[in-house]
Structure formats: structure tokens, C-alpha cells
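Me: Please take a close look at the lining of the second largest pocket. Kindly explain each term where it arises.

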Amino acid sequence: MRKTPAASDCVMTQVVLPGDANALGTAFGGRIAQWIDLAAAVACQRHCRSRVVTASLDDLHFVLPIKVGAVVELRARVNAAFRTSMEAGVRIESEDPISGERRHVCTAYLTFVAQDENGRAVGVPPLDLDNEEDQRRAHDAGVRRVGRLERAKSRRARLDRENLSAESRER
């Protein structure tokens, strides 16, 4: 059954508490990455209605710091569906709870793979791209996917070479 990207929407709200922050009083990048992973996973599960696992996290750039006490809103949506994987985009905004000022602090793109109960990859429903924005997001996701697959191929080749070299040293 085809689904629209909007059907996967996930909005998650967090408050940055002292335990989420570093000595500078700003949120740990790892904590924000954890929240990003959760929001994206919910979006992907909503799309495919099966369990999902994180395959990759692309280009997480923190443009602005997030201070202790700030409200953080994460908006996740499936951008593209491939055979057994999906890309979700997550937009992260920081809000000053007193002034209400909101700032876009980072965006992240994650790939998830749908799995059955035995951990085997399963197919995901195609996306019904019913407007220009959805089509643009899916196109951009396809471009990012090509780059991800090329980088993964290079990494595999490098690891194979390293393993061969290690094996020959052991002999």
C-alpha cells in the first residue's frame, strides 16, 4: 500500500536539562543525535509498519548551539523509500521558552532498513509523492543515496585490503 510522506510525520519535543549538556551549558551533540535517531525511527516505522534499524546517519552539522533550558523540537519525515530501506529527514529547532524565539539549529538525514522478526531485510511500501516538495525531497534523497552507496563500496574495499594485509602478516 502506497503512503504519503506526511503519513510518517513525527514531532518530538525535548527540554535540554543539565544532564543533557556539557560544561559550556550547551547540549551534547550525542544527546541531540540520540533524539534525532529516535524521531527518524518512529517516522520510518510509521511508513513501513515493521521494525527498523539505523543503517546510517549523514552529515549532521550543528549550525548553532542549544542552551540548557531550551525546548528542542525535532520534526522527522520519510523522504524516500527504496527496496528495503528508507531515508528520513529530521529538522531540529531550538526554542527559547521565555521569548518564544525559534532557531533552526541542524538538519540530519538517516537511512533505516526494515526487518522482519528474524532480522532479515523486508520490502517497504513505495511513497506516493503527491506534491512538488515531496518530489524534490525524494529526488535529493536519491542523490544522497548514490553518494552513500559509493562511500560504502570504497569502505568495503579498504577493509578487504586491510584484512588481506593483516592475514598475510599473520602467516
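Reply: In the lining of the second largest pocket, 9 residues are charged, 5 are nonpolar and 3 are polar. Here Asp, Glu, Lys and Arg count as charged, Ala, Val, Leu, Ile, Met, Phe, Trp, Tyr, Cys and Pro as nonpolar, and the others, including Gly, as polar. The model is predicted, and while local features need pLDDT of at least 70 and side-chain atom pairs count only at pLDDT 80 or more, totals for chains, interfaces and linings use all residues. Residues are numbered from 1 along each chain as its sequence is written, and side-chain values use heavy atoms, with hydrogens and water left out.

A pocket is an open set of points, on a 1 Å grid over the protein atoms alone, where a 1.4 Å probe fits, with protein on both sides within 12 Å along at least five of seven lines; a lining residue has an atom within 4 Å of a point. The second largest pocket is lined by 17 residues, and nearest its centre lie Arg75, Asn79, Gly89, Arg91 and Arg137. Its volume is about 280 Å³, a volume being the space filled by probe spheres set on the points, which are joined across faces, edges and corners.

At least two lining residues come from each of strand 1 (10-15), strand 3 (71-81), strand 4 (85-95), strand 5 and helix 2. Helices (H or I, at least four residues) and strands (E, at least two) are DSSP runs, numbered from the N terminus. Helix 2 contributes the most, with 5 residues. Helix 2 also provides the largest share of the lining of the largest pocket, 6 residues.
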